[in-house]
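Here is a structure to walk through together. Take a moment to look it over, and then we'll go from strand to strand and on to the metal site.

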Amino acid sequence: MSTRPVPLSIVALCLSGVLGCSGDKPSAPSPSPPTPEPVKPAAKPVPAMVLTATPDGSGVVRITGDDIMKFNVARIEVKAGEKVKLELKHIGKLAKEVMGHNLVVLTAGADTMAFAQAAVGAAESDYIPELGKAQIIAYTKLLGGGESDTIEFDLPGPGEYPFLCSYPGHAALMKGVLVAR
Ligand code: CU
């Protein structure tokens, strides 16, 4: 009952003596294990890593960036109507010339990747492009390892405001959304 049918082509090859066919296992690669157990879905599918930051006791939202091009959060939540205080700390060791990080908050609906593209050529202004300035609500300094910067700003109202690091090539990983409600 558990023996799998041997493909006819292999039987033919056995009969014609092309294959060794010793024993009952065809030497052809067998793609599937015998009688596969029905695959049980994992008890809980692991959600995509969306870590949320909110203001701490001092009212400051603390964000970090590191040497492997990551913010520690992908979502920041604040109360609409309150001033946003946000600290970005570069917890890596690399200099800002090679692993610089900033945090740029854009207007709701702004195109993060288009902004990042415009920023590539703006090295002289620490990757804050003149072209994208109309879309910027606030931004930190460009930081190297061990540095930090704290900014305070107002949002126009409740909404979802994209943020990114505008250092070239970083926005693919270093981006998220600031939610005010
Ligand atoms: Cu960066």
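Which residue is the bridge partner of Val104 in strand 8? That would be Leu164. Keep in mind as you look that this is a predicted model. The Val104 bridge belongs to the pairing of strand 5 with strand 8, which is antiparallel and has two bridges.

Now let's widen the view to the sheet. Strands 5 and 8 sit in an open sheet of six strands, ordered 1-3-9-8-5-6, with mixed pairing. At its edges you'll find strand 1 (52–53) and strand 6, each of which pairs on one side only. As a bit of background, strands of a sheet pair through backbone hydrogen bonds, either parallel or antiparallel.

Another set of pairings involves strand 4. With strand 2 it runs parallel, and six bridges join the two; one place to see this is Arg62, whose bridge partner in strand 4 is Glu87. With strand 7, strand 4 pairs in the antiparallel sense, again over six bridges. Here Leu88 has Asp149 of strand 7 as its bridge partner. Strand 4 is mostly covered, too: five of its seven residues are buried.

Next, the inside. The largest nonpolar core has 27 residues, and the ones that touch the most other members are Ile63, Ile76, Phe153 and Leu178. Two or more residues come from each of strand 2 (60–65), strand 3 (75–78), strand 4 (84–90), strand 7 (148–153), strand 8 and strand 9. The most comes from strand 4, which gives three residues. For a feel of how things meet here, try Leu178: leaving aside neighbours within four places in sequence, its contacts include Ile76, Val78, Val105, Phe153 and Tyr161. There is also a second, separate core of nine residues, with Leu106, Ala116, Ile128 and Ala171 among them.

Now for the metal. Which residues hold the copper ion as protein donors? They are Gly100 through its O, His101 through ND1, Cys165 through SG and His170 through ND1, at 2.1 to 2.8 Å from the ion. The angles these four donor atoms subtend run from 74 to 132 degrees, and that makes the arrangement irregular. To count as tetrahedral, four donors would need all angles between 85 and 135 degrees. Along the sequence, the donors follow the spacing G-H-x63-C-x4-H. His101 lies in the loop between helix 2 (96–99) and strand 5 (104–106), while His170 lies in the loop between strand 8 (159–164) and strand 9 (175–180), so the pair ties together parts that are 69 residues apart in sequence.

Are these two histidines buried or exposed? His101 counts as buried because its relative accessibility is 0%, and His170 counts as buried at 3%. A further histidine, His90, lies in strand 4 and is buried as well, with a relative accessible area of 1%. Not counting residues up to four places away in sequence, His90 touches His101, along with others including Met99, Leu143 and Glu147.

Last stop: the aromatic rings. The count comes to two aromatic pairs. One of them is Tyr127 with Tyr167, an edge-to-face pair at 5.2 Å centre to centre with 65 degrees between the planes. Tyr127 is in the loop between helix 3 (112–119) and strand 6 (136–139), and Tyr167 in the loop between strand 8 and strand 9, so this pair ties together parts 40 residues apart in sequence. Both tyrosines, Tyr127 and Tyr167, are buried.

How values were computed
Residues numbered from 1 in each chain as written. Predicted model: local features only at pLDDT ≥ 70, side-chain atom pairs only at ≥ 80, totals over all residues. Heavy atoms only, no water. Donors = N, O, S within 2.8 Å, 3.2 Å for Na, K, Ca; no water. Tetrahedral: all angles 85-135°; square planar, octahedral: opposite > 155°, others 65-115°. Helix = DSSP H or I, 4+ residues; strand = E, 2+ residues; numbered from the N terminus. Buried < 20%, exposed > 50% of the residue type's maximum accessible area, 1.4 Å probe, protein only. Core = buried A, V, L, I, M, F, W, Y, C linked by side-chain atoms within 4.5 Å. Contact = heavy atoms within 4.5 Å. Phe/Tyr/Trp six-rings, centres within 6.5 Å; stacked < 30°, edge-to-face > 60°. Pairing = 2+ DSSP bridges.
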